[in-house]
Every structure is written in C-alpha cells, then in structure tokens.
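Thanks for sharing this one. Here are a few friendly notes to read beside the model.

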Amino acid sequence: MVLEETQKDSIVVAIPFDKERHFYYNQKINGMKATGYVKIGDDKYEFGEDSLATLDWGRGVWTYKNTWLWSNMNGYVKGKRIGFNLGYGFGDNLNGTENIFYYDDKAYKLDDVKFEIPTYKNGEDDFLGEWKFTSEKGDIDLTFKPILNRHDDTNVLIIRSKQNQVFGLFSGTFKVNGKEIKFENILGFAEKVYNRW
C-alpha cells in the first residue's frame, strides 16, 4: 500500500497532561490517496481510484491511566473530498483540540465535540447502537450507525488495554463559514479506548 499526501492541511497538536513532564505530540493527515492492495489468504483486495486513508502519528510520555474518544472519516460528496478528525479525553484540551473538518481541499478548525454513545439499562456503553456527535456551537450534528465493533480487552493485572473501535456510516451536517455541508452514509470509525500501562 502507498499513501500520497493530497490534502494541503493536517492537524498537529501538543497536548499536556495534568502530570508534570507528561505530554502527547500528534499529527493526523486526512484525505491521503491510497493505492495498492491487501491480501488475506488467497483473496486480494485492491484499492480503487477514490480510496482515501488517514495517517495517525504520535509520540509522548503518557500517564499510567488514560481514556480517549476518537473518530475519523474520509469520503466524497458530489465529487468533492470530505473528511474530519474529532476527539477528546486524552490530556488537557482546554487550549486546543484535535477537531477539524475538511471540505473541497479546505480545512476548518473546530472547538469542542461531544460523543453521545447509547447505553444499556445497566449503564454500560452500547457500542453497536446509534451514536450522536454534537457541539456547543451547533456546528457539528452527526449520527453514526455502527456496522462492526473491533473489540479487544487485554488485561494482565497492572497492564490493561480495553478498546472498542467501531466502524460504521456517518451522516449529518457541519456548519462552517456560514455554509452548511450535508452528507450521508460515509464509512468511518469512532472509538473509545481505556489504557492502564
């Protein structure tokens, strides 16, 4: 597989934690053109002309316990490239967020986002129910219909990683610079991850 950087802008954040000398430096590049193939056994899956990918690169000194919520999507609406990166919970986001929306080769920085994950009667997250994504300003209004939850819970006493990375279809609206951009059923993912290591 080869990824080609075709989007002019990307998001780069340096996020502090409440603990001294702990931080996370991260770059996420949306809308990269993906070419090549993946083989699973005897089956070969080739990426088409309109295949897009996100590169997520980061380094840091993390706290022992942490939880993050992260979501990302790439696609096309009426021939124009669209995508976003949304997240919070990992470190102190008061002075900046990793939230950004891309449309027609332009990037629009966003402030807050809230992931509304449905719950069962016992209060546990229902990751395969329909999620909502909103913001205080009203510039984000999305629904997310899950298809598959890539769940893993590795627990070896002092080390644990509980991951729910859910793949599904996004629909909704972003409001940027006086424009309202709507889209329906674009494949992406949303996740909630808890780490203790």
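1. E191 deserves a look: it is buried (under 20% relative accessible area, 1.4 Å probe, protein chains only) yet has no salt bridge (a side-chain nitrogen of Lys or Arg within 4 Å of a carboxyl oxygen of Asp or Glu). The nearest side chain of opposite charge, R150, lies 5.5 Å away; Lys and Arg count as positive, Asp and Glu as negative, with His and the chain ends not counted.

2. What does the side chain of E191 make a polar contact with? Its partner is the side chain of Q165, at 3.0 Å (N or O atoms within 3.5 Å, one able to donate a hydrogen and the other to accept it; residues adjacent in sequence count only if both atoms are side-chain atoms).

3. Please keep in mind that this is a predicted model, with local features needing pLDDT of at least 70 and side-chain atom pairs pLDDT 80 or more, while totals for chains, interfaces and linings use all residues. Residues are numbered from 1 along each chain as its sequence is written, and side-chain values use heavy atoms, leaving out hydrogens and water.

4. The structure holds 12 salt bridges. In one of them, E98 meets K28 at 3.1 Å, N to O. This pair links distant parts of the chain, 70 residues apart, and both residues are buried. K28, D56 and E98 are linked in a network of salt bridges.

5. E49 and K33 also form a salt bridge, at 3.8 Å, between parts of the chain 16 residues apart. E49 counts as exposed (over 50%) because its relative accessibility is 67%.

Conventions:
Helix = DSSP H or I, 4+ residues; strand = E, 2+ residues; numbered from the N terminus.
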